[in-house]
Amino acid sequence: MANLKDIRDRIKSVTSIQKVTKAMKMVAAAKMRRAQERMEQARPYSRSLKDVINNLLPEVDRDLLPLLEVREVNRVAYVVVTSDRGFAGAFNTNILKIAQAEIDAIGKDTVDLFCIGKKARDHFKRREYTIIDSHLDFWNDLSFSDAMTIGDGIIGHFTSRIVDEIHVVYDEFVNVATQETISELLLPLVFDGSESGSKDRLYEPSKDVLVKSLVPRHLNVQMWKYLLESYASEQAARMLAMENATSNAEDMIKDLTLEFNKARQAAITTEMLEIVSGAEALSG
Amino acid sequence: MKSFPLEIVTPTRKIEESEVTYARCPGLDGEFGIMANHREGIIALAIGEVKATISGKEEYFAISGGFAEITKEKVQLLVETAEPSTEIDSTRAEEALERAKERFSEAEKDEDRAKESQERARNRLKVSSH
């Protein structure tokens, strides 16, 4: 049986680990709420933008913009959105698994990768995939301009005709308990083109110019959405993982305390036995 | 004078004003004004300044490009960034302009973007002076 000091030390260390996991859980919860708020703020903008483009697109020529060009697919790009840090349960593992499966199905050699977050970069670098660019260390003060910078590079890869399709793999934040890994086609743009009634509206300066200026903005806000969804999901996953860790630590402390008490009693019993038999030997 | 609701919507915030009688916006080919009962339409916006008469008081906003959606019910400006003149820190705006200028002289390949960020910085500085 483990001796008393060992058990006491373990209880101490588990207790301090529990303190850390508890703190991490609370931090993750606060960050998640913020991310959720920002997602809600971004929604009206992205929805209106999408509506307007949807309305305009059937009426303009697809040759107007390189971004609308549908080409024969020879080479594709994948954007994989993960976190920089671990301790978030299976969050990164799930995304990487799905991304890798899709990329391998197409063929590693015809896929260019954009890695967002350290975990994706490390994973694909180790396996020697073609990484064009990676973006790390921006999650903590995530801003819309990050989305624009990241988006520019990725979109440039498409407009310069290096790749013919761009896919994005990210985690969508459904609610606190569920996040869903999603693989989505970003470019070329596909719109259902459902016309919500051609109104007698003024288009200034012209429909073509509007589409030209709106489509890049739509992509920026799309990128922003990916980042926010992923960030909220990461924090939710971390929150859950840390909650589990905290309750596991609780169980461990309970078991160890029981073991500690047993060991203590056993020690007392032995000592008493020794005393009694010593006294008997003397009086005998 | 008749008023209309004006919303300035960006990916990170939403500014709502209900008692607006007049709004002057930067269009791509020059400025235009909106008053109540304007014809419905979608108008592209450039980087520039929005002047709005809100409850009789004039207020200024720095916006970067987007578009204005005018409907019977309201006017929505969908732009990438929007800041009321009161929120712009002019010293910071000045610094940003300096940085943008530096980048412009360095950047040869990304001239368009450098030009744009310079334009944005200059616009913020201009609006902050109101």
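**View 1. The two domains of chain B sit with their C-alpha centres 23 Å apart.** This is a predicted model, and the domain assignment splits chain B into domain 1 (4-85) and domain 2 (88-128). Where they meet, nine residues come from domain 1 of chain B and eight residues from domain 2 of chain B. On the domain 1 side, β5 and β6 of chain B each put in at least two residues. The biggest giver there is β6(B), with three residues. Sorted by type, the residues on that side of domain 1 are four nonpolar, three polar and two charged.

**View 2. Helix α2 of chain B keeps its buried residues on one side.** This helix takes in residues 111-128 of chain B, 18 residues in total. How far apart are its end C-alpha atoms? They are 26 Å apart, which agrees with the 26 Å that 1.5 Å a residue should give. The buried residues of α2(B) are Ser117(B), Arg120(B), Ala121(B), Asn123(B), Arg124(B), Val127(B) and Ser128(B). These cover an arc of only 160 degrees around the axis, so they end up on the same side of α2(B). It helps to recall that an α-helix has 3.6 residues a turn, so residues three or four places apart point the same way. Look at what lies over the buried residues of α2(B) and you'll find, among others, β5 (48-54), β6 (57-63), β9 (82-84) and α1 (90-106) of chain B. Turned away from the buried side are the exposed residues Glu111(B) and Asp112(B).

**View 3. Chain B meets chain A through 22 residues on each chain.** Four elements of chain B give two or more residues to its side of this meeting place: β2 (14-27), β4 (41-45), β7 (66-70) and β8 (75-79). Which of them gives the largest share? That's β4(B), with four residues. The chain B side as a whole divides into eight nonpolar, seven polar and seven charged residues.

**View 4. A strand of chain A pairs with a strand of chain B.** Here β6(A) and β4(B) run parallel, joined by three bridges. Pick out Glu204(A) and you'll see Ile43(B), in β4(B), standing opposite. Glu204(A) also leads into a cis peptide bond: the one to Pro205(A), with omega near -5 degrees. Pro205(A) itself is in the loop between β6 and α5 (207-283) of chain A.

**View 5. Strands β4 and β5 of chain A form a hairpin.** Five residues make the link from β4(A) to β5(A). The two strands pair in the antiparallel sense, with eight bridges between them. One pair to look for is Val169(A) and its bridge partner in β5(A), Ser183(A). Now follow chain A to Leu187(A), which is joined to Pro188(A) by a cis peptide bond with omega of about -5 degrees. Pro188(A) belongs to the loop between β5 (179-187) and β6 (202-204) of chain A.

**View 6. Val111(A) is a buried residue in strand β2 of chain A.** The strand takes in residues 111-116. Why does Val111(A) count as buried? Because 21 other C-beta atoms lie within 10 Å, and the cut-off for being buried is 20 or more. Beyond its neighbours within four places in sequence, Val111(A) is in contact with Val76(A), Tyr78(A), Ile103(A), Ile106(A) and Thr130(A). Ile166(A) is 55 residues away along the chain, yet its C-alpha atom is 9.8 Å from that of Val111(A).

**View 7. Glu128(A) and Arg161(A) have positive phi values without being glycines.** For Glu128(A), phi is near 60 degrees. Glu128(A) is in the loop between α3 (118-126) and β3 (131-135) of chain A. Arg161(A) has a phi of about 65 degrees, and its place is in the loop between α4 (144-159) and β4 (165-173) of chain A. Are these two buried or exposed? Glu128(A) is exposed, with 8 other C-beta atoms within 10 Å, and Arg161(A) is exposed too, with 12.

**View 8. Chain A also has two assigned domains.** Domain 1 of chain A is made of two stretches, 4-21 and 246-283, while domain 2 of chain A runs 25-241. Taken over C-alpha atoms, the centres of domain 1 and domain 2 of chain A are separated by 55 Å.

Key
Residues numbered from 1 in each chain as written. Chains lettered and ligands numbered in written order. Predicted model: local features only at pLDDT ≥ 70, side-chain atom pairs only at ≥ 80, totals over all residues. Expected span 1.5 Å × (residues − 1). Arc of directions from axis to C-beta. Contact = placed C-beta atoms within 7 Å. Nonpolar A, V, L, I, M, F, W, Y, C, P; charged D, E, K, R; others polar. Pairing = 2+ DSSP bridges. Domains from an automatic or database assignment.
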